[in-house]
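Me: I should like to learn how to read the features of a protein model. May we go through one together?

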Amino acid sequence: MTKSLTLLLVGVVMLAALLSGGRATPSQDNTVQPPPPRDVTAQLRLRELKCFHTTEAGADEVYILVYATGSSAPTLRRLPGPAAGQPSGHWDMNDGNQPCDNPSGDSHCITNKVLFEKTLRAGESWDVAVLFEEEDGGNSQDLQTLAGTLASRVPNPVIAGAGVVVATLAQLGFNLTDTDDYLGSYTVHIENRNGTLSTDWHQGDRLFHFLIDPNRHEAMELKMNGDGSHYDAWFDVITR
Ligand SMILES: [Ca+2]
Ligand SMILES: [Ca+2]
Ligand SMILES: [Ca+2]
């Protein structure tokens, strides 16, 4: 009798524990937890660059410098990269009826170039300066060596402005306005706000049109007229 009662009590206690455990699980699942901060991979793209007037007779030799600072090592890149056997790269661009992305000659337009790509943690941001150049004399400085020195003098290109980046590069021996032509520039601040990218565009030098898409703030268009040129360009920042 005592033994059966003990067994019965143990049984009741176990059942109660089981039921309480069964109820506790859905109640915990229903608690609203904020989603963990999400990493986002941001890509700054040149959608298209179109030549309406070159700086010189014949084709322009166009290249782009992209200077970026953020939470890790600063970067300074030149696009396009050098072809085999060449010290530095460029696109041959012209203002006639040439095709886009012409593989064997001058191009009237070039399309879909990734200027900057980075995975940003929540709260992380990067500041990027984009400088459009046309090669005449050329520059032979090593960009990765320059990046560190440039960053010590211009830690944030968006706050300083594109003009200060250009002037500082000239002080460091990379003269973008003398030996080469300077078409135009802008800066952009890209931030991961709780898993969503926010984009702030800022005008640089030598622009005669600058428009942030009112319906899509991560897209921007501009028109450049540096050193007698006329180039139109379209950009956006996307999540990859
Ligand atoms: Ca030129
Ligand atoms: Ca030329
Ligand atoms: Ca040239």
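Me: What is the order of the strands in the open sheet of five strands?

Reply: Please keep in mind that this is a predicted model. The order of the open sheet is 5-1-11-10-9, and its pairing is antiparallel.

Me: Which strands stand at the edges of this sheet?

Reply: Strand 5 (109–120) and strand 9 (207–212) do; each has a single partner strand, so one side of each lacks a neighbour in the sheet. On average, neighbouring strands here are turned by 15° against each other, direction ignored.

Me: How many bridges join strand 1 to strand 11?

Reply: Ten bridges join strand 1 to strand 11 (residues 230–239), and the two run antiparallel. One bridge pairs Leu49 with Ala233 in strand 11.

Me: Is Asp39 buried or exposed?

Reply: A residue counts as exposed if 12 or fewer other C-beta atoms lie within 10 Å of its own. Asp39 has 12 such neighbours and therefore counts as exposed. Asp39 lies in the loop between helix 1 (2–30) and strand 1 (40–53). Leaving aside residues up to four places away in sequence, Asp39 touches Thr119, Leu120 and Arg121. Asp39 and Thr119 are 80 residues apart along the chain, yet 6.5 Å separates their C-alpha atoms.

Me: Which residues of helix 4 are buried, and where do they lie around the axis?

Reply: In general, an α-helix has 3.6 residues a turn, so residues three or four places apart point the same way. In helix 4 (residues 162–171), Ala162, Val165, Val166 and Leu169 are buried. These residues lie on the same side of helix 4, because they cover an arc of only 95° around the axis. The buried residues pack against several elements, including strand 2 (60–69) and helix 2 (143–153).

Conventions:
Residues numbered from 1 in each chain as written. Chains lettered and ligands numbered in written order. Predicted model: local features only at pLDDT ≥ 70, side-chain atom pairs only at ≥ 80, totals over all residues. Helix = DSSP H or I, 4+ residues; strand = E, 2+ residues; numbered from the N terminus. Buried ≥ 20, exposed ≤ 12 C-beta atoms within 10 Å, placed from the backbone. Contact = placed C-beta atoms within 7 Å. Pairing = 2+ DSSP bridges. Axes fitted to C-alpha atoms, helices over the stretch in contact; angles between N-to-C directions. Arc of directions from axis to C-beta.
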